[in-house]
Amino acid sequence: MNRYARDMRGYGPNPPQPQWPNDAKIAVQFVLNYEEGGENCVLHGDAGSEAFLSDIAGAASWPGQRHWNMESIYEYGARAGFWRLHRLFTGADIPVTIYGVATALARSPEQVAAMKAADWEIASHGLKWVEHKDMPEEEERAAIAEAIRLHTEVVGERPRGWYTGRCSENTVSLVAQEGGFDYVSDTYDDDLPYWLEVGGHHQLIIPYTLEANDMRFATAPGYITGEQFFTYLKDAFDVLYEEGIDGAPKMMSIGLHCRLIGRPGKLAGLKKFINYIKGFEGVWTPRRIDIADHWKANHPHVRMDRPSQMTKVQFVERFGGIFEHSQWVAEGAFELELGLAHDSAVGLHNALCRVFRTAPKVERLGVLTAHPDLAGKLAAAGRLTEESTSEQASAGLDLLTDTERETFTRLNEEYVAKHGFPFIIAVRDHNKASILSAFERRIGHDTDTEFAEACKQVERIAHFRLQDILP
């Protein structure tokens, strides 16, 4: 099957109401990445020094050498930055989620003790703070297992959340397959949690952020001052809070690093933001595990039969009647590049219509002639498809007076005699009177105009039929 792996739809135009505790208008979640002591370093058995996310402009890895300046910047995060942030968040009574690199945690026992004493969540940030994009799948699977083992040994309990960060295309799938994580955060694709199906397993995803993130103090374009960081966070909060007031609460993730935001000049912006949001009602500041527990309780996973995952036989059997007696439309749609975006009424409708619109005129004419007359002989004999029977009944065409039936019969005969195909209209858009009015108006059109209009009405009918069976 030609299937597209990415999900370009998500929740679509109608995201769920998250029902945050106490009717909160927004969930603001702070993540503190603890990577110091887990970064690339020849002392850790790596090929060279770290080059990522520091205050060294244009830093590059030094193969086979220690980079004293880089090491000392990371050490600042552990020695000074962490404690400054610990005082800030415990003083503000805001719990955080730690993304803890297992080897970094193992080298920082006092910080781990402080995290636990503050009842902060310690999620896994992998075994080492290194790049995974070129790591073979089995090697990465082993690294995940070792990260869990070491984390459990150091912290005293296994992690319930996971975020690699510098991940590979296999990371999310491998973590989901491990089966022990309440959530994974290696995505940046939504403002709300969602469920991801990985084979027979369903995994909760809590998306993270790279923009409301202090890493942009160390990247270009980025922040120079704490005030710039505050302004961006404030603007993001204001937009999301307003959406919450309008009935569509969201989640705001904020990413922090001990060696970056832990510097005094940068921390000033974070302190200002924390003070700012404390002036609002309905702000929930949970740990990520709290969000996971809430989502599982209020929005449990529901598995559906996804069109993009069906066999051809299943697909055609399910959707072969969407275009009246014309399963070739479904057969053609099955061969398109379907994906998760087509597992909805709107998405699959688009795929079916693409096949219909690009078919030769004679085949489209066949679809038109497959449609029954409105309130015609087939309806009277009870020989309509289930869909057509329901549709005609919705407009009262099953309850015509003798005079109305005679009128419909006359119009049907005149229309077919002139145009060569039945009068087609999406009856769910109409009532009996408006259908008759359209009938009398359209019968006078030229055949090309009516052919185009009938094709549009066929697509409209298909849309309604799909809405009956797909979200």
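**Exercise 1. A charged residue without a partner**

Which side chain of opposite charge is nearest to Asp 214, and how far away is it? Work out the surroundings of Asp 214 in this predicted model.

*Solution.*
- Step 1: find the place in the fold. Asp 214 sits in the loop that runs between β8 (201–205) and α6 (226–245).
- Step 2: look for a charged partner. The nearest candidate is Lys 266, at 7.5 Å. A salt bridge needs the nitrogen and the carboxyl oxygen within 4 Å, and Asp 214, although buried, has none.
- Step 3: look for other polar partners. The side chain of Asp 214 makes a polar contact of 2.6 Å with the side chain of His 257.
- Step 4: complete the neighbourhood. Beyond four places in sequence, Asp 214 is in contact with Phe 229, Gly 255, Leu 256, His 257, Leu 260 and Ile 261.

**Exercise 2. Salt bridges across the chain**

Find out which parts of the chain are linked by the salt bridges of Arg 287 and Lys 272, and describe how accessible these residues are.

*Solution.*
- Step 1: recall the principle. Side chains of opposite charge can pair when their charged atoms come close.
- Step 2: count. The model has 29 salt bridges.
- Step 3: take Arg 287. Its side chain meets that of Asp 119 in a salt bridge of 3.6 Å, N to O. The two are 168 residues apart: Arg 287 belongs to the loop between β10 (283–284) and α9 (288–298), and Asp 119 to the loop between α3 (109–117) and β4 (121–124). With a relative accessible area of 18%, Arg 287 is buried.
- Step 4: take Lys 272. Its salt bridge is with Glu 227, and the closest N and O atoms are 3.1 Å apart. This pair spans 45 residues, from helix α6, which holds Glu 227, to helix α8 (residues 264–277), which holds Lys 272. Lys 272 is partly exposed at 38% relative accessibility, and Glu 227 is partly exposed at 41%.
- Step 5: add another pair. Arg 442 and Glu 450 form a salt bridge, with their closest N and O atoms 3.0 Å apart; both residues are buried.
- Step 6: check for shared partners. Arg 160, Asp 182, Asp 293 and Lys 296 are joined into one network by salt bridges that share partners.

**Exercise 3. Empty space and its walls**

How many cavities of 30 Å³ or more does the whole structure hold? Describe the second largest cavity, one residue that lines it, and the largest pocket.

*Solution.*
- Step 1: count the cavities. The search finds two.
- Step 2: describe the second largest cavity. Its volume is about 40 Å³, and its lining consists of Gly 126, Leu 127, His 132, Glu 140, Ala 143, Ile 144, Trp 162 and Thr 164. Helix α4 (residues 137–155) gives the largest share, three residues.
- Step 3: follow Gly 126. This residue lies in the loop between β4 and α4 and counts as buried because its relative accessible area is 1%. Apart from residues up to four places away, Gly 126 touches Gly 100, Val 101, Ala 102, Ala 147, Trp 162 and Tyr 163.
- Step 4: turn to the largest pocket. Its volume is about 1,700 Å³. The pocket has 43 lining residues, and Asp 7, Tyr 194, Trp 195, Leu 196 and Leu 340 lie nearest its centre.
- Step 5: assign the lining to elements. Two or more residues come from each of β1 (3–4), α5 (171–178), β7 (194–198) and β11 (338–339). The largest share, five residues, belongs to β7.

Notes
Residues are numbered from 1 along each chain as its sequence is written. This is a predicted model: local features need pLDDT of at least 70, side-chain atom pairs count only at pLDDT 80 or more; totals for chains, interfaces and linings use all residues. Side-chain values use heavy atoms; hydrogens and water are left out. Helices (H or I, at least four residues) and strands (E, at least two) are DSSP runs, numbered from the N terminus. Buried means under 20% relative accessible area, exposed over 50%, partly exposed in between (1.4 Å probe, protein chains only). Lys and Arg count as positive and Asp and Glu as negative; His and the chain ends are not counted. A polar contact is a pair of N or O atoms within 3.5 Å; within protein, one must be able to donate a hydrogen and the other to accept it, and residues adjacent in sequence count only if both atoms are side-chain atoms. Contact means heavy atoms within 4.5 Å. On a 1 Å grid over the protein atoms alone, a cavity is a set of points where a 1.4 Å probe fits but cannot get out, and a pocket is an open set with protein on both sides within 12 Å along at least five of seven lines; lining residues have an atom within 4 Å of a point. Grid points are joined across faces, edges and corners, and a volume is the space filled by probe spheres set on the points.
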